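Here are my notes on the model, as numbered points. Please read them with the structure open.

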Amino acid sequence: MQRPYNFSAGPAAIPEDVLQQAASEMLDWRGSGMSVMEMSHRGKEFISICEKAEADFRQLLAVPQNFHILFMQGGGLAENAIVPLNLSQGGAVDFVVTGSWSQKSTKEAAKFCNAAVAATDEAQGFTHIPDPASWKLRSDARYVHICSNETINGVEFQQLPDLASLGCQAPLVIDFSSHVASRSVDWSRVGLAFGGAQKNLGPAGLTLVVVREDLLGHAMAMCPSAFNYRLVADNQSMYNTPPTWGIYIAGLTFEWILRQQEGAASGVAALEARNSAKAELLYQAIDGSQLYENRVARDCRSRMNVPFFLKDESRNQAFLDGAKARGLLQLKGHKSVGGMRASIYNAMPLAGVQALVDYMQSFEKQG
Ligand code: PMP
């Protein structure tokens with residue numbers, strides 16, 4: 001049976017191999033007599049799952065040894081509070097606002113620190129990334145926050161900004177929720193990265209935080225203990241009960257990523273090549289048509305989330321109905337933007353994007 005292609009923005013498609021493996025291990029994980037959901041997080045079985053997941057994630061994104069990998073709960077939105085509680089000491093924090101998620105991050109952080117917008121593209125409807133040379137960064141900023149891929153607006157940093165070259169010594173914090181593990185990360189430019197798992201890594205409920213050692217230990221007194229990065233790191237993500245099922249599925253996904261091959265490339269490099277090819281195919285189809293349009297500047301279009309509009313909006317529902325009938329699911333755009341959105345995360349094969357493009361072209365021809 002071929003499953004439909006699922007273009008959900010998140011929770012999103014999970015590689016079928018991962019689902020199959022989880023299904024086969026559901027009742028009895030490798031002779032333990034238990035499902036992973038039924039194991040103590042302090043037992044040797046789960047500790048082995050957790051340690052392997054962490055080591056595999058470190059390998060696949062080449063995370064340097066002076067960064068901790070934390071498995072937490074609360075999702076991206078909770079991190080909007082947890083990051084300032086740990087890093088800001090109530091001082092100045094600068095935000096670059098390139099879409100809905102970085103906008104939300106700014107508002108939430110303002111409860112805990114002196115948050116300011118260093119640059120924003122709101123006036124242009126979040127279709128560009130303001131030139132880093134124009135960012136108004138304060139000399140006393142404790143950190144600078146960006147959302148490296150805006151899931152709703154479809155705006156992605158193709159390269160992370162080099163704050164040092166802008167004369168800014170503050171660490172860069174990135175919300176990489178919706179493109180983690182889709183491309184490599186230049187850790188020399190990053191102090192902390194966070195992301196929910198439910199797009200590229202597994203089920204909802206698990207949040208990944210990758211944080212440089214020197215940024216730990218500065219939490220504000222009011223920071224809840226379970227969200228204090230120092231405590232979480234010192235307890236190998238087991239200060240409180242971690243989201244064990246999420247860590248297990250993410251671990252299977254990391255193994256799947258490490259197995260991926262594309263020509264001579266493997267792992268994340270293979271996915272990066274595949275993701276570029278998928279995005280190019282879809283953007284070319286949109287740009288080459290009379291019916292569809294994408295409004296994001298070409299140099300910052302997301303490879304993961306492709307919002308597009310039908311110039312004749314009265315055909316939106318017919319488009320969605322026809323897509324569903326062909327096994328192309330969850331293409332409706334976010335309610336704040338409208339139109340359509342195709343999320344083409346790691347688990348989406350090139351054949352899925354090709355099926356979407358074929359459908360879009362036949363729908364356009366129907367007139
Ligand atoms: N940041 C980004 C970039 C997101 O896409 C999302 C979720 N769509 C969030 C933060 C919020 O994550 P959560 O719902 O897990 O709190």
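**Notes on the predicted model**

1. Strands β8 and β9 are paired in parallel, with three bridges between them. Val173 faces Leu192 of β9 across this pairing. Keep in mind throughout that this is a predicted model.

2. β8 also has a partner on its other flank in the strand order, β5. Strand β5 (residues 143-147) and strand β8 (residues 172-175) run parallel and are joined by four bridges. Here Val173 of β8 is the bridge partner of His145.

3. Which way do the residues of β8 point? Leu172 and Ile174 point one way, while Val173 and Asp175 point the other way. All of them are buried. The general rule is that side chains in a regular strand alternate between the two faces of the sheet.

4. Now the whole sheet. It is open and has seven strands, ordered β2-β10-β9-β8-β5-β3-β4, with mixed pairing. β2 (67-72) and β4 (114-120) are the edge strands, and each pairs on one side only. On average, neighbouring strands are turned by 20 degrees against each other, direction ignored.

5. Two helices lie across this sheet. Helix α3 (residues 75-87) lies across β3 (92-97), β5, β8, β9 and β10. Its direction makes an angle of about 155 degrees with β9. Helix α4 lies across β3, β4, β5 and β8, and runs at about 160 degrees to β3.

6. Next, the record. An unreviewed UniProt entry lists Trp101, Thr151, Asp175, Gln198, Asn240 and Thr241 under "binding site". Do they all gather in one place, or are they spread out, and why? They do not all gather at one spot, because they span 141 residues in sequence and the farthest two C-alpha atoms are 29.7 Å apart. I would read the list with that spread in mind.

7. Trp101 deserves its own point. This residue sits in helix α4 (residues 100-109). Trp101 counts as buried because it has 22 C-beta neighbours inside 10 Å, and the cut-off is 20 or more. Leaving out residues up to four places away in sequence, Trp101 touches Cys147, Glu150, Thr151, Ile152 and Asp175. Thr151 and Asp175 are also among the positions in the UniProt list.

8. Gln198 is another listed position. Gln198 lies in the loop between β9 (192-196) and β10 (207-212). Is Gln198 buried or exposed? Gln198 is buried, with 23 other C-beta atoms within 10 Å. Its contacts, apart from neighbours within four places in sequence, are Gly10, Pro11, Ala12, Pro203 and Ala204.

9. On the domains: the assignment gives domain 1 (17-257) and domain 2 (262-366). Their centres, taken over C-alpha atoms, are separated by 26 Å. Domain 1 puts 23 residues into the contact and domain 2 puts in 22 residues. On the domain 1 side, the touching residues comprise seven nonpolar, 13 polar and three charged.

10. Finally, another open sheet. Three strands make it up, in the order β13-β14-β16, with antiparallel pairing. β13 (292-293) and β16 (340-343) stand at the edges with a single partner strand each, so one side of each has no neighbour in the sheet. Two bridges link β13 to strand β14 (residues 305-310) in the antiparallel sense. Tyr292 has Leu310 of β14 as its bridge partner.

How values were computed:
Residues numbered from 1 in each chain as written. Predicted model: local features only at pLDDT ≥ 70, side-chain atom pairs only at ≥ 80, totals over all residues. UniProt positions renumbered as here; feature names shortened; annotations may be inferred. Buried ≥ 20, exposed ≤ 12 C-beta atoms within 10 Å, placed from the backbone. Contact = placed C-beta atoms within 7 Å. Domains from an automatic or database assignment. Nonpolar A, V, L, I, M, F, W, Y, C, P; charged D, E, K, R; others polar. Pairing = 2+ DSSP bridges. Axes fitted to C-alpha atoms, helices over the stretch in contact; angles between N-to-C directions.
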